[in-house]
Amino acid sequence: MGHLRFDAGDVTLVLACAVGAPPSLHYWGARLGDEVAVEELERLSIRQGMHGAADVDLPLSLAMEPGLGQPMLHAFAAHREGRDWGSLFTVASVEQDADAATISCRDERTALRIDYRIRFDTVTGVVGISSTLINEGEAVLDLGEMATACLPIPATITDVIGFTGRWTQEFGQERMPRPTGTYMRENRSGRTSHFSYPALLLAGADTDESQGEVYGLHLAWSGNHRLRVDSLTDGRVVASMGALLFPGEIRLAAGESYASPEIVAAYSTSGFSALSRKFHAHVRGKLLHPEMRAKPRPVHYNTWEAVYFGHDTDRLKELATRAAALGVERFVLDDGWFGGRRHDRAGLGEWQVSDAVYPQGLKPLVDHVTGLGMEFGLWFEPEMVNPDSDLYRAHPDWVLQIEGVEQVPFRNQYALDISRAEVADYLFECLDAILSGHDISYIKWDMNRDLSHPGGANGQAVAYKQVIAFYSLLDRIREAHPQVEIESCASGGARADMGALTHCDRVWTSDSNDALDRQYIQRGASFFLPPEVLGCHVGPAHCHVTGRRLSMALRAATALTGHMGIELNLLTDRQADLDQLKAAIALHKKHRALLHDGDLYRLDTAAQHLASGVVARDKSGALFSVAYVASDPHILPGRLYFAGLDENRSYRVKLVWPEGWQALKAPSLIEKLDLANEGAVFSGAALLRAGMQLPHAKPESCLLFYVAAS
Ligand code: DGJ
């Protein structure tokens, strides 16, 4: 078999895998008809030798290994004591079924094998590629680098879009012209990171949310990574991703193997939103547990910004009572319930309920919460220890360390070496005991620092092993407590990738509950993750991170489009705000099934607005959000061009949020068409093509429109 071809929707993917030749991605792009033969593609790709370049046509390969002789790009580096570094992999065998294939490649001289596993979703065209390196030689192999795969992209794709940020400013997009040479992002933080999200978009210069070609690549991995786009001087462009390895980190003895994290890749001819919908389908259909998908996501109350470390059972019970009265369905007790954890300088690692704070244990609070009909969730940060803790005093050697160099503290804490069996066992036993002893159905699993010195007991770097150990600890807990949902949090969104979501159910999108910032952060995260996995909470009126004061109307509208929660002091908030919050929770519940299962359309608007909609898969209804994030240079804003509706149906448009909204100068279109009450009916075609004139609204406000097929 000389090639593998997969077709789905608007995409075709062809892999060259002739036995004896290097494996490569031969074609990935717009759907080709059945009449297009792969041989044709091969003949159209004949490249001549050229002055200043090799006399022969140098092939590209999935590994881009040194033995190919390509001078501009190597994505594989391994050796045995300085030898066997020049591998050249050729296909040895291919196994294929309808939606997956394994291409097994060998290099006899260096005694190495790489198996590429390709999964292809025949509905969305989303492709998953992972690779495994096997040392078939006698001596130990040192692996320095191995991209999961190297994927050629057409040179007509001129723009690179990276995702970057910092704590409380996650998922920012950075669009730039693809440079000659290398575009590269690296992450050495030991977790997914705030600053280098493991994903890239590669797009045509005019691609926007609703049209144009775009490739999306996501590395499903919660650790160090290297993302590259190499524009070679011979005109070819190669995107590659893989785990970033520290020196000596992966040493394979005879017969041992290294598994690279999976690249999840998608292609669209119809812009960024269509690409995101493919990623969302992947997360929903392939990563999330079907039982969790089937259950409506409960509205959360999280105690963090209400009480911080000020735990007091009576106060917490009162908060729970008030939360339940607002319609909250799950109460999550955050940091501060255990050991000596009265502040962030002590106690991490002491995963026993604090006698000082909870003299009767947690049970009275848990019973109170469950008695109110809510689920109970609990915060842990298992991978960490404070130097001021019994755990550290007993096992100072359990922390990651480089001999002779002290681990740098972040937030007064050190990271444990959870790749050691005794450390993982200790953590499992602690969590298992708490979960077994209480009616707990949710864990918020936090991780509040980068891994600065990821050295293990034998002196080797263990950053890669830490991630594997994190995944297996999660799996062990899920296996022992299958009813418990797990949220991946890392000072907000520093561990919000598809690798984590293979083992968790939700991510904490950001530590910023500032609704204005959240509009951007949640939009950025939505490029890859569907709304229901994004924790979105209504924070206090006075945002703790930015110091901004924002209305309840904006805060609630911003949180209710994701997995909604609240995180404010219900004992001190104004009654008018709480009434509004209750209405927002009811609105969220009314549309939750749509929001958590529908198709997301981000809309292109002027910079002073952010707009998007979620449309039911059968196009029977949709909820659109228009946030006014800054003052408008015009007297009136532009029109809202609805997206995703059926142009052959009619829709009743209603303004459903904020309640009782008043135009600054009435009557606006809202009053004239009675959109806040009865609503008005329009054809889908008119809403899509002509759009609707938006009313003037104050900056820092957000309007929600529900459209129902009539
Ligand atoms: C960081 C998290 O992102 C917050 O939500 C909170 O859980 C704190 N850690 C607790 O220490």
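Two strands pair if DSSP finds at least two bridges between them. Helices (H or I, at least four residues) and strands (E, at least two) are DSSP runs, numbered from the N terminus. The model is predicted: local features need pLDDT of at least 70, side-chain atom pairs count only at pLDDT 80 or more, and totals for chains, interfaces and linings use all residues. Residues are numbered from 1 along each chain as its sequence is written, and side-chain values use heavy atoms, with hydrogens and water left out.

**Exercise 1. The barrel**

Task: Trace the closed barrel, then find the helices that pack on it.

Solution.
Step 1. Follow the strands. The order is S21-S22-S23-S26-S27-S28-S29-S30, eight strands with parallel pairing.
Step 2. Check the twist. From one strand to the next it averages 30°. Axes here are lines fitted to C-alpha atoms, for helices over the stretch in contact, and angles run from 0 to 180 degrees between N-to-C directions.
Step 3. Look at S21 and S30. Strand S21 (residues 300-302) runs parallel to strand S30 (residues 563-566), and two bridges join them. His 300 has Gly 565 in S30 as its bridge partner.
Step 4. Add helix H11 (residues 515-525). This helix packs on the sheet and touches strand S28 (506-508) and strand S29 (534-538). Contact means heavy atoms within 4.5 Å. The direction of H11 makes about 165° with that of S29.
Step 5. Add helix H12 (residues 552-559). H12 lies across S29 and S30 and runs at about 165° to S29.

**Exercise 2. The ligand**

Task: Describe the residues that surround the ligand.

Solution.
Step 1. Count the shell. The ligand is surrounded by 13 residues (each has a heavy atom within 4 Å of it). The closest are Asp 334, Asp 335, Lys 444, Asp 446 and Asp 511.
Step 2. Sort by class. There are four nonpolar, three polar and six charged residues. Ala, Val, Leu, Ile, Met, Phe, Trp, Tyr, Cys and Pro count as nonpolar, Asp, Glu, Lys and Arg as charged, and the others, Gly among them, as polar.
Step 3. Read three distances. Asp 334 places a polar side-chain atom 2.7 Å from an oxygen atom of the ligand. For Trp 379, a polar side-chain atom lies 3.1 Å from a ligand oxygen atom. Asn 448 has a polar side-chain atom 3.4 Å from a nitrogen atom of the ligand.
Step 4. Find the cover. Taken alone, the ligand exposes 290 Å², and the protein buries 97% of that. These areas come from the Shrake-Rupley method with a 1.4 Å probe.

**Exercise 3. An open sheet and a hairpin**

Task: Which strands stand at the edges of the open sheet, and what joins S5 to S6?

Solution.
Step 1. Write the order. It is S1-S2-S3, with antiparallel pairing.
Step 2. Find the edges. Strand S1 (3-8) and strand S3 (24-30) each have a single partner strand, so one side of each is left without a neighbour in the sheet.
Step 3. Inspect one pair. Strand S2 (residues 11-16) pairs with S3 over six bridges. Ala 16 stands opposite Ser 24 in S3.
Step 4. Turn to the hairpin. It joins S5 to S6 through two residues. Strand S5 (residues 90-97) and strand S6 (residues 100-107) pair in the antiparallel sense over seven bridges. Asp 97 has Ala 100 in S6 as its bridge partner.

**Exercise 4. Backbone exceptions**

Task: Where are Pro 658, Pro 667 and Asp 84 found?

Solution.
Step 1. Recall the rule. Most residues other than glycine have a negative phi, and most peptide bonds are trans.
Step 2. Take the prolines. Trp 657 and Pro 658 are joined by a cis peptide bond, with omega about -5°. Another cis bond joins Ala 666 and Pro 667, with omega about 0°. Pro 658 is found in the loop between strand S35 (650-657) and helix H14 (669-672). Pro 667 is in the loop between S35 and H14.
Step 3. Take Asp 84. Its phi is near 55°, a positive value. Asp 84 is in the loop between strand S4 (76-79) and S5.

How values were computed:
A polar contact is a pair of N or O atoms within 3.5 Å; within protein, one must be able to donate a hydrogen and the other to accept it, and residues adjacent in sequence count only if both atoms are side-chain atoms.
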